[in-house]
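Visitor: Please take a close look with me at one part of this model, and explain carefully how its pieces are arranged and what they touch.

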Amino acid sequence: MQDSDVTNASPHGFPSLLQTLVTNRAGLIKTAARITGCPSRAEDVVQDAYLRVSDMKTQTLPFNARLSYVLRIVRNLAIDTYRKQSMEQRYFVSDEQNLNAAPQIANPESINVDRQTLGKVDSALAQLPERTRYAFVMYRVHGKPQKDIAAELGVSPTLVNFMIRDALTHCKNYVAATQDL
């Protein structure tokens with residue numbers, strides 16, 4: 001955002017929404033940062049607000065309502081960003097899960113436990129719908145990207161992510177429930 005890109009005043013001689021946004025940029029970033037929890041995301045939010053305001057055709061707001069209007073846009077965008085970030089952290093399966101686990105030394109007892117656990121996982125996978133089982137195996141065993149699995153199954157990548165997450169949860173629950181059997 002450069003000052004030369006901003007119209008300094010509306011036809012009535014009052015500051016435009018863009019000028020209001022530019023003038024109050026630091027405060028708007030602080031407001032967005034309190035919501036998003038991240039200064040760089042807050043800058044992105046204010047930039048998105050700038051783009052949104054610059055696309056507006058008419059700016060018929062009274063002078064004293066412009067800052068409130070711009071602040072409302074920034075707050076709404078920051079809340080949307082926070083919600084999206086929270087959802088992604090909650091639902092997306094991380095490729096880096098358990099990568100830092102220390103390898104176990106192979107001995108006959110641990111090999112037997114691993115085989116039993118693998119058998120339980122196989123039984124758990126057999127209980128899943130075919131499409132969910134296929135998505136899980138292709139992703140976790142064969143390393144196929146989720147977007148490729150989605151294209152193959154004719155579903156969205158988000159649905160594939162949910163299927164993988166559900167399959168993993170089912171396998172963990174099944175293994176835990178049959179631990180003492």
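Guide: A helix here is a DSSP run of H or I with at least four residues, a strand is a run of E with at least two, and both are numbered from the N terminus. By that rule, Asn76 has its place in helix α4, and that helix, which spans residues 66–91, is the part to examine before its surroundings. This is a predicted model, in which local features need pLDDT of at least 70 and side-chain atom pairs count only at pLDDT 80 or more, while totals for chains, interfaces and linings use all residues. Residues are numbered from 1 along each chain as its sequence is written, and side-chain values use heavy atoms, with hydrogens and water left out.

Asn76 counts as partly exposed, at 35% relative accessibility (buried is under 20% relative accessible area, exposed is over 50%, and partly exposed lies in between, with a 1.4 Å probe and protein chains only). Its C-alpha is 9.1 Å from that of Ala32, although 44 residues separate Asn76 and Ala32 in sequence. Leu77, also found in α4, is buried, with a relative accessible area of 10%. Setting aside residues up to four places away in sequence, Leu77 touches Val45, Asp48, Ala49 and Arg52 (contact means heavy atoms within 4.5 Å). For Leu77 and Val45, which are 32 residues apart in sequence, the C-alpha to C-alpha distance is 6.1 Å.

Beyond α4, Lys120 in helix α5 (residues 108–126) deserves the same attention. Lys120 counts as buried, at 17% relative accessibility, and, leaving aside neighbours within four places in sequence, Lys120 is in contact with Tyr174, Val175, Thr178 and Gln179. Of these, Tyr174 and Val175 fall within helix α8, residues 157–177.

The axes of α8 and of helix α6 (residues 130–141) come within 8 Å and cross at roughly 90° (axes are lines fitted to C-alpha atoms, for helices over the stretch in contact, and angles run from 0 to 180 degrees between N-to-C directions). The two helices α6 and α8 are therefore roughly perpendicular to each other, a term for angles of 65 to 115 degrees. On the α6 side the contact is made by Arg131, Thr132, Ala135, Phe136, Tyr139 and Arg140, and on the α8 side by Leu159, Val160, Met163, Ile164, Ala167 and Leu168. These residues divide into nine nonpolar, one polar and two charged (Ala, Val, Leu, Ile, Met, Phe, Trp, Tyr, Cys and Pro are nonpolar, Asp, Glu, Lys and Arg charged, the others, Gly among them, polar).

Helix α7 (residues 146–153) has Gln146, Ile149 and Ala150 as its buried residues. These residues cover an arc of only 100° around the axis, which puts them on the same side of α7 (the arc is that of the directions from the helix axis to the C-beta atoms). What covers them includes α6 and α8, whereas Lys147 and Ala151 are exposed on the other side of α7. Just after α7, Gly154 takes a positive phi of about 75°.

Around these parts, the protein chain has eight helices and zero strands, and 29% of its 181 residues count as buried. Among contacts between residues at least 6 apart in sequence, 62% join residues at least 24 apart. As for confidence, the chain averages a pLDDT of 81, with 80% of the residues scoring at least 70 (pLDDT is the predictor's confidence in each residue, from 0 to 100), but pLDDT stays under 50 over residues 1–14.

Methods. Parallel < 35°, antiparallel > 145°, perpendicular 65-115°, else oblique.
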